[in-house]
Amino acid sequence: MKIKPAELKMPHFARKIVGKRKAGLPPGSVVHVGEKKAEKVTIQLIDYDSKNVRELDVKRIEECFPFREKKTVTWININGLHDTAIIRTLGSKFGLHALVMEDIAHTMQRPKKEDFENYIYIVVKMLHFDADAVDVEQVSLILGENFVISFQEREGDVFDAVRERIRSGKGVIREKGADYLTYRLLDALVDNYFVILEKVVDSIESLESELLTNPTLGTLKKINSLKRELIFLRKSVWPLREVVGGVEKGESRLIKKGTLIYFRDVYDHTIQIIEAVETFRDMLSGMTDLYLSTVSNRMNEIMKVLTIIATIFIPLTFVVGVYGMNFQYMPELSWKYGYFLVLALMLAIFGGMMLYFRGKKWL
Amino acid sequence: MKIKPAELKMPHFARKIVGKRKAGLPPGSVVHVGEKKAEKVTIQLIDYDSKNVRELDVKRIEECFPFREKKTVTWININGLHDTAIIRTLGSKFGLHALVMEDIAHTMQRPKKEDFENYIYIVVKMLHFDADAVDVEQVSLILGENFVISFQEREGDVFDAVRERIRSGKGVIREKGADYLTYRLLDALVDNYFVILEKVVDSIESLESELLTNPTLGTLKKINSLKRELIFLRKSVWPLREVVGGVEKGESRLIKKGTLIYFRDVYDHTIQIIEAVETFRDMLSGMTDLYLSTVSNRMNEIMKVLTIIATIFIPLTFVVGVYGMNFQYMPELSWKYGYFLVLALMLAIFGGMMLYFRGKKWL
Amino acid sequence: MKIKPAELKMPHFARKIVGKRKAGLPPGSVVHVGEKKAEKVTIQLIDYDSKNVRELDVKRIEECFPFREKKTVTWININGLHDTAIIRTLGSKFGLHALVMEDIAHTMQRPKKEDFENYIYIVVKMLHFDADAVDVEQVSLILGENFVISFQEREGDVFDAVRERIRSGKGVIREKGADYLTYRLLDALVDNYFVILEKVVDSIESLESELLTNPTLGTLKKINSLKRELIFLRKSVWPLREVVGGVEKGESRLIKKGTLIYFRDVYDHTIQIIEAVETFRDMLSGMTDLYLSTVSNRMNEIMKVLTIIATIFIPLTFVVGVYGMNFQYMPELSWKYGYFLVLALMLAIFGGMMLYFRGKKWL
Amino acid sequence: MKIKPAELKMPHFARKIVGKRKAGLPPGSVVHVGEKKAEKVTIQLIDYDSKNVRELDVKRIEECFPFREKKTVTWININGLHDTAIIRTLGSKFGLHALVMEDIAHTMQRPKKEDFENYIYIVVKMLHFDADAVDVEQVSLILGENFVISFQEREGDVFDAVRERIRSGKGVIREKGADYLTYRLLDALVDNYFVILEKVVDSIESLESELLTNPTLGTLKKINSLKRELIFLRKSVWPLREVVGGVEKGESRLIKKGTLIYFRDVYDHTIQIIEAVETFRDMLSGMTDLYLSTVSNRMNEIMKVLTIIATIFIPLTFVVGVYGMNFQYMPELSWKYGYFLVLALMLAIFGGMMLYFRGKKWL
Amino acid sequence: MKIKPAELKMPHFARKIVGKRKAGLPPGSVVHVGEKKAEKVTIQLIDYDSKNVRELDVKRIEECFPFREKKTVTWININGLHDTAIIRTLGSKFGLHALVMEDIAHTMQRPKKEDFENYIYIVVKMLHFDADAVDVEQVSLILGENFVISFQEREGDVFDAVRERIRSGKGVIREKGADYLTYRLLDALVDNYFVILEKVVDSIESLESELLTNPTLGTLKKINSLKRELIFLRKSVWPLREVVGGVEKGESRLIKKGTLIYFRDVYDHTIQIIEAVETFRDMLSGMTDLYLSTVSNRMNEIMKVLTIIATIFIPLTFVVGVYGMNFQYMPELSWKYGYFLVLALMLAIFGGMMLYFRGKKWL
């Protein structure tokens, strides 16, 4: 049975929620926990101000260090977390706390925001489609005075439009600082959640028409698995809202007052996503109820047919049985029209039954 | 099967909740997102103080500019959002933030209120009936020092009574400022929600009588679809309450203290709507339960008939079967009154069964 | 079928929640909305201090005006709201806001309390029994410096004991001010809710015994309609609690510190009512579950009888059918004790079945 | 049917929640409302400091008055509330507010705490077992500068251990003041709730084993009645928590700072009770679900037996019926091995059916 | 039937929630309440600073006293709570409040944190596996100026990695104070909850595959018992979160500012655990629904088979019964092709039935 697109695959669901723990290691140990998704760690650096842009494919992490002191905005993007030496080297140079470095390498974080004196640390989940299955990638953002560092689990992300904007110099992005860049990255991440929601809508609509035309147990299973994905989405979005709300309300000096309104915009989007998820959950509950009622209705239909047939023929069969008895003395058997009288009697019984059922509105 | 008025049509429900996203555009891009509902953008301007009223059908948006400086209250109403040049031109002249202009053009906003230094930005949903289906239109209001700008998706709205009041000069509206006008517009919008609620009441009452006389699976489907519409209503009203409550509690200098009590009145109405929606949801849940019980009751009825018939006749059929056997030596067959004895036996069985069923209260 | 006292009638339930809206009227229009319950508006005035009481049947509303200036406590009670001229005249004299006058005449208010500089405006619902149906009447109270004005929809209320106390001069009421009178009126209103609750208790107990002796679909319908009434009660009591709590916590100079403890007492009563309503809802849910289980239990019982009868007799009928076949060569038919052997075989089958059912605990 | 210990009797449940109201009496009327549980009011007085203890069986309430002025701690315990003269006399002497005296005599109070200038008024519910039924008694505590007054509905309470401690002079109780005595009384009351919880545990365990061995409709009714008792417990404990929490957080000068930690301990216990009650509710819900599934499973079992028997024998009965027809020309009837062929055919049908059912996993 | 690993045994569940109360003892009585899990009380002491470590197997509790005055960090670990003399002796020396000593010995505490002037008292639950059953042990921590005292119910804990770290001197633990040690102990405790969660995941996955391949009533019972364990886990984790959150937010001078971020880390973990537990509950609810639907689906399947067979053969059996009647005058019986005509008629009925069922989509 081929069931698409109602199915977004999300295997080993329960296991993913708990994740693997590193046993017995002290806090601050920068150990990569999670699937190794990239072969090689790659590093891109974009450095810009309103006049110039410079892009760099970083080979050795130390090449990034000089940009720390420059007034221009520097965005360092690291793809791949398994080479923890890179995280440690970069972290020490940019003054990251040991626990932050640990969290960056550990991909089972809950989305969160932490304020430090010289930087803000943000962890969020990036969702994208990969061959029809939802893939979850952890993205860590470090917002400093004039730099942004982003850590991803592998190459390929939702930030290409932002890169393009920086290169082309269109819009205000080149005029603004590292806080605005952070906003743009968060905005791109949140916008991509809507793509997932649209897939969910596809699934819901396909399930709805299935429910109307031919509901089977498979339909219910698909409804159930969609519910489960919404649980997953919800688990990602609720803390995301706290993160963005925290940035918006926070009084970090790293985020300029003029940029706050942009974060409020992202915040509105996260609320919209949450509301959509909650509404979808309500809708799926309604669909479950409808499925169950349809099934029990069909059951009723079946029982009705059985009852009508049985109720009509069981008495008739009794009657014919009576005249199949072999008693030597049964007066009716020798009547000339006995047979026809019995046929007439049975017709009358049949007719009476029919009227009765019609009265009960079973027919 | 014709099912009205229990059905308020609201097609592509799930899709409407998510909406379409514009891909990869930078923030502040004023792009129209949503259905294009009007052919041509029309603009009306009403300018009034306690003594004079002046109405203008604006052809070029620049005609509105001189009114910005005047002390009189100016209400500019724009129908149609697809010509974003108008939004941009007007926005720049009246000092709107880029994100506000973006939100005005994007019709998938969640109702919200945002305070700026020189104006308040309010987005709400206007519901009205259009050929038996609920139509949702986004209305953006800009309340400035002495002007109100309203953006609608197309011509036709719920503000005619307000316009009439301004023209006739009855009541206090002409004495008061732009904040009072904003209140009157919000009040008209919220009042119209009660019209929707009345339609819902019609549907509930029609469903209730259907439930009592002839409940079918169709009844349940209609209950379910009504529930869904209430989900939709609720999604519109909850944020509306926050919006109005925010205005009432807010300390914007744009809203005079004497006007606050009016906003409190609108706020009370939104709470009344929310409570009604919640009550209706409870009622529909009760109706679902009743439907399910009625159906299972009917099923019981059917089973009882089947069981009574089968339980009476199956043993009797067995008895007549016994005397239909062809054994050469069956003493009863040759008894003179064998046949009548068997008939009497069967009557006794029948009577016993009847008493048993009466004892069980099945008859 | 006569179903009392489990039924408190509350017809057109859904419609009452929404109410009718006045279309297109500006705010502050004092228009009577609601059922016209009284033929003629009647006005009673009681004026008292610790020494004297004076009662007046007011013919013209202007007769009340001189009492405004007097130091004594004046209670003006208006029965009937359809003559809005009276409300307007009285309102202007006593300085009521236009919106307050509008709310007094509009009987679909949600219970609420509003503080003004010179008076407090309180709206609550008075419930009383009228020929076995719950009747809801809106009562508006205006508490001023030394006067209380009460507006009711018609004559007949729960305040007679208060009037009697004032006349007789027993207790502290004559020593205290208008705030204490307001408390006494609210207390009388809230106390009457307990009468309704007692009727609900009667219904619950009658339903419980019905559930134990003879549960039918009618029982469920009565449970459902009782649930609905509790929804209605809850809708009235929750805001009532806010109202009284607001008075108790409020810092209006109109309520003396010594009177606050009395309002706290009323507040405790509203909480007791709310808790009782919530408990009753829980109990009714439990009763619904029990009903459903009882019904499905009975169904099981029916199915068991059917299955036992059918399972015993269907095989036996098969056996007798075998020996009713007309084959020319059937050796058993000519055996001398064939018939008795078959009878014995059937007895054995019957016994085996019985043992099987006993093993299954079906018998 | 004897069903114990799963049943804690709590008759007239709904009625107890509402209680009787006194009609038309003014506030502050000290009227006894509730069951008269004691024949005669008895009064005990214990007066102590670290050196001396003195116990007194008070005959006339005036004997207590001299202790008011003494520096020692005085505990006056009144059993029986129907002689309201005692409450009034004592109340006036110790300066109680009229409403407090009214509440003491009215046994339908919700647990609450009220701070006055010179005393704290606490109402709680004392639960104890009386011939297998839970008995609820209202206990009012007045904590003053150096006295505690406790009002109970009748003799017999949970305070004997406290009395013993005072007499024996062991522990710190004699060193401490009236606030510590109040704590000890509350602690004894709350501790007794755990006894009730243990009875509930007994019932749950007995119901669980009943559910596993022989679930009947009676089991469900017992589960339901246990749920109802938990509703009752919850109604008593939730406000109790507020009461104790209020004392702990309150800044009354009557409670010394060093005593606060003891009240925190009682507070922890009330939270533990609440959590236990909530957990039990969850467990009972799970048991209800399990009951319903067990019943529907048994139903399935019954239907399977019926279906198997009917499906096997109905076709076979048809076959033998065919050869019981009396047509003159039926070639099979005259075949030599016709009978045995038919027997073989039926065996084959039987075998096929068996294989089919085995494939369906019904056997 | 062997059902593992879906079963984590947790016997006497309800009883464990309430626990046994000590009757009639005054507060501050240090009495051991709970199972006696250890034979003998053992005490380990570790004393360290950045340079030296010293370990001591303490025989007499007084050996610990000199360490109280030393500047180094001292960790005293007591295994076994039944020898309350040790708790009392140690408690007096280290200045613990009587109620704290009572709580240490009483193993039915709810997780909590209490701030005192010179120490913080923390109670948490340590979960570990013991022969496939979850074992719950109460751990009390006393954090003082330069010491930590931990009380466990028996030997064997989750702190070995911490001990190893102290001994080896790797990491920062030896540089930091008693507050950091407390953090490490809490962290080890919380980390172990993830082990339990992983077992739960194993159970969920095993149940899921059981649900897909062969769902029985046993499956539902296992789902139910897993739900119950989650209730238990939740009861332990919710207060744990408050405890850790309280430490993190608390302003105790005993916890240095630099250590707070570590507690925030533990706090994040407790939130992750809570979210996982809630998600698992949702998943188990979904599985219950799926089970019920599968079962009712199977029931439908059974009913369909019965109905098809009965509906086909009951009319046919009637037909053959007709021609089994023994009337002397039945014209069809003497027709040459009567038999074959009847066979043809029955074939037609059979075919018609088949078409009907196919139309109904039952085949």
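**Entry 1: chain A on its own**

How many helices and strands does the secondary structure of chain A come to? I get nine helices and seven strands, where helices (H or I, at least four residues) and strands (E, at least two) are DSSP runs numbered from the N terminus. A note to self before going on: this is a predicted model, where local features need pLDDT of at least 70, side-chain atom pairs count only at pLDDT 80 or more, and totals for chains, interfaces and linings use all residues. Residues are numbered from 1 along each chain as its sequence is written, while chains are lettered from A and ligands numbered from 1 in the order in which they are written.

Next I looked up the spread of chain A. Its radius of gyration, taken over C-alpha atoms, is 34 Å, well over the 21 Å that the globule rule gives for 363 residues, so chain A is more spread out than a compact globule. That rule is 2.2 Å times the number of residues to the power 0.38. Along the principal axes, the C-alpha atoms of chain A fill a box of roughly 120 × 45 × 30 Å.

The domain assignment splits chain A into domain 1 (31-292) and domain 2 (300-359); such bounds come from an automatic or database assignment. I find their C-alpha centres 76 Å apart.

Of the 363 residues in chain A, 41% are buried, meaning that 20 or more other C-beta atoms lie within 10 Å of a residue's own, with 12 or fewer for exposed, partly exposed in between, and C-beta atoms placed from the backbone. I also checked contacts (C-beta atoms, placed from the backbone, within 7 Å). Among those in chain A with a separation of 6 or more, 72% join residues 24 or more positions apart.

**Entry 2: one residue, C:Thr84**

I picked C:Thr84, which sits in helix 2 (residues 84-93) of chain C. Why does C:Thr84 count as partly exposed? Because C:Thr84 has 18 C-beta neighbours inside 10 Å. Leaving out residues up to four places away in sequence, C:Thr84 touches C:Val30, C:Val31, C:His32 and C:Ala105.

**Entry 3: how the copies relate**

I laid chain B on chain C: the RMSD is 0.1 Å, with a turn of 72 degrees and a shift of 0.0 Å along the axis. The two copies are thus related as by a five-fold rotation axis. Superposition is by least squares on the C-alpha atoms of residues with pLDDT of at least 70 in both. Which residue of chain B comes closest to the rotation axis? It is B:Gly324, at 4.6 Å (C-alpha).

**Entry 4: where they meet**

Between chains B and C, the contact takes 50 residues from chain B and 44 residues from chain C. Helix 7 of chain B gives the most to its side, with 31 residues. That side divides into 23 nonpolar, 16 polar and eleven charged residues. My classes are Ala, Val, Leu, Ile, Met, Phe, Trp, Tyr, Cys and Pro as nonpolar, Asp, Glu, Lys and Arg as charged, and the others, Gly among them, as polar.

For chains D and C, I count 44 residues of chain D in contact with 51 residues of chain C. Helix 7 of chain D gives the most to this side, with 16 residues.

Only 14% of the interface residues of chain B are also interface residues in chain C, so the copies meet through different surfaces.

Definitions and conventions. Contact = placed C-beta atoms within 7 Å.
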